[in-house]
Amino acid sequence: MNHLERMQKNLPYIASKDGLPEMRLKAQQLCFEINSLSPMELEKRSLLFGQLLGKTKSHFYIEPPFRCDYGCNIELGEDFYCNYNCTILDVGKVTIGDRVMFAPNVAIYTAGHPIDPTLRAAGYEYGIDVSIGDDVWIGGNVVINPGVTIGNNVVIGSGSVVTKDIPSGVVAAGNPCRVIRPITKEDANYYFKDRPFLPEYMEDK
């Protein structure tokens, strides 16, 4: 098993071997091109993201700047929206569901290094997959660590550091991130804290 195959299987590997530096360089070049485009060049941006990312649906929007390690290990669901300055270290696979929204400065880190300094010095690292379900909103400056699974219909509060799995249907926040409360039907009555979502706000629907 070569080091690319080890990386793909979430096993310890060495990032300087078996074509991995060339793969990262290709992703860096595509990110550079994407981040250097004029905001008016939306079609070209979408085409470049299509070359960079492993899997996308027909509708997605990513606001530059965007950075990743490989790109090919990222899979996006339908209607994904990502705000400015997202970083995804996709050593492990990153799977994102439908109708997911990222606020600015979201970071997903599948990559890690051994605690033992001798193993680190030998060049070993690892990547553990991250999965995000459908209808999830990730707040600004959230960090998602290796191996985390986030369920469906979840809100992660700004500044959270997600170190463990988050179940479906909850608001979660904090460092480390923890469940604050369930999401209920009552939440449909408000758009921010105690500010009511009135019927006239839906007049364009």
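The points below concern a predicted model, taken by sheet, core, salt bridges, backbone and surface.

1. Main sheet. Seven strands make up an open sheet, in the order β2-β5-β8-β13-β16-β18-β19, with mixed pairing. The edges are held by β2 (60-62) and β19 (178-182); each has a single partner strand, so one side of each is left without a neighbour in the sheet. At the β2 edge, the partner is strand β5 (residues 80-82), joined to β2 by three bridges and running parallel to β2. Within this pairing, Ile62 stands opposite Cys82.

2. Strand β11 and its partners. Strand β11 covers residues 124-127. Strand β1 (residues 13-14) pairs with β11 in the antiparallel sense over two bridges, and Ile14 has Tyr124 as its bridge partner there. Strand β10 (residues 111-112) also pairs with β11, again antiparallel and over two bridges; here Gly112 is matched with Tyr126.

3. Faces of β11. In a regular strand the side chains alternate between the two faces of the sheet. Strand β11 shows this alternation: Glu125 and Gly127 point to one face and are buried, whereas Tyr124 and Tyr126 point to the other face and are not buried. A reader may wish to note that the two tyrosines named as bridge partners, Tyr124 and Tyr126, are those on the face that is not buried.

4. Nonpolar cores. In soluble globular proteins, nonpolar side chains tend to be buried together. In this model the largest nonpolar core has 40 residues, and those with the most contacts inside it are Leu52, Phe66, Phe102, Ile132, Ile144, Ile150 and Ile156. Helix α2 (residues 20-36) gives the most to this core, with four residues. Another core, of seven residues, lies apart from it; Tyr13, Ala15, Leu20 and Val91 are among its members.

5. Surroundings of Leu52. Leaving aside neighbours within four places in sequence, Leu52 is in contact with Ala27, Leu30, Cys31, Ile34, Phe66, Cys68, Tyr70, Gly71 and Cys72. One of these, Phe66, is also listed with Leu52 among the residues with the most contacts inside the largest core.

6. Salt bridge Lys93 to Glu75. The model has three salt bridges. In one of them, Lys93 is joined to Glu75, with the closest N and O atoms 3.2 Å apart. Lys93 lies in the loop between β6 (86-89) and β7 (94-96) and Glu75 in strand β4 (residues 74-75), so the pair ties together parts that are 18 residues apart in sequence. Lys93 is partly exposed at 36% relative accessibility, and Glu75 is partly exposed at 23%.

7. Salt bridge Arg99 to Asp135. These side chains meet at 2.7 Å, N to O. Arg99 is in the loop between β7 and β8 (101-102), and Asp135 in the loop between β12 (130-132) and β13 (137-138); the pair therefore ties together parts that are 36 residues apart in sequence. Relative accessibility is 41% for Arg99, which counts as partly exposed, and 34% for Asp135, also partly exposed.

8. Salt bridge Arg181 to Asp187. The closest N and O atoms of this pair are 2.8 Å apart. Both residues are partly exposed: Arg181 at 36% relative accessibility and Asp187 at 26%.

9. Cis peptide bonds. The bond from Pro64 to Pro65 is cis, with omega near 0°; Pro65 lies in the loop between β2 and β3 (66-68). The bond from Asn175 to Pro176 is likewise cis, with omega near 0°, and Pro176 is in the loop between β18 (170-173) and β19.

10. Positive phi outside glycine. Asn10 has phi near 65° and sits in the loop between α1 (3-8) and β1. The relative accessible area of Asn10 is 22%, that is, partly exposed. Asp18 has a positive phi of about 55° and is found in the loop between β1 and α2. Asp18 is partly exposed, at 41% relative accessibility.

11. Nonpolar surface. Tyr191, Phe192, Phe197, Leu198, Tyr201 and Met202 make a nonpolar surface patch of about 580 Å². Of these, Phe192 is placed in strand β20 (residues 190-192). The relative accessible area of Phe192 is 43%, so Phe192 counts as partly exposed.

Key. Residues are numbered from 1 along each chain as its sequence is written. This is a predicted model: local features need pLDDT of at least 70, side-chain atom pairs count only at pLDDT 80 or more; totals for chains, interfaces and linings use all residues. Side-chain values use heavy atoms; hydrogens and water are left out. Patches are made of residues with over 30% relative accessible area and no salt bridge: like charges are joined within 9 Å, nonpolar side chains (Val, Leu, Ile, Met, Phe, Trp, Tyr) within 5 Å. Accessible areas come from the Shrake-Rupley method with a 1.4 Å probe; for residues, only the protein chains shown count as cover. A salt bridge is a side-chain nitrogen of Lys or Arg within 4 Å of a carboxyl oxygen of Asp or Glu. Buried means under 20% relative accessible area, exposed over 50%, partly exposed in between (1.4 Å probe, protein chains only). Two strands pair if DSSP finds at least two bridges between them. A nonpolar core is a set of buried Ala, Val, Leu, Ile, Met, Phe, Trp, Tyr and Cys residues joined through side-chain atoms within 4.5 Å. Contact means heavy atoms within 4.5 Å.
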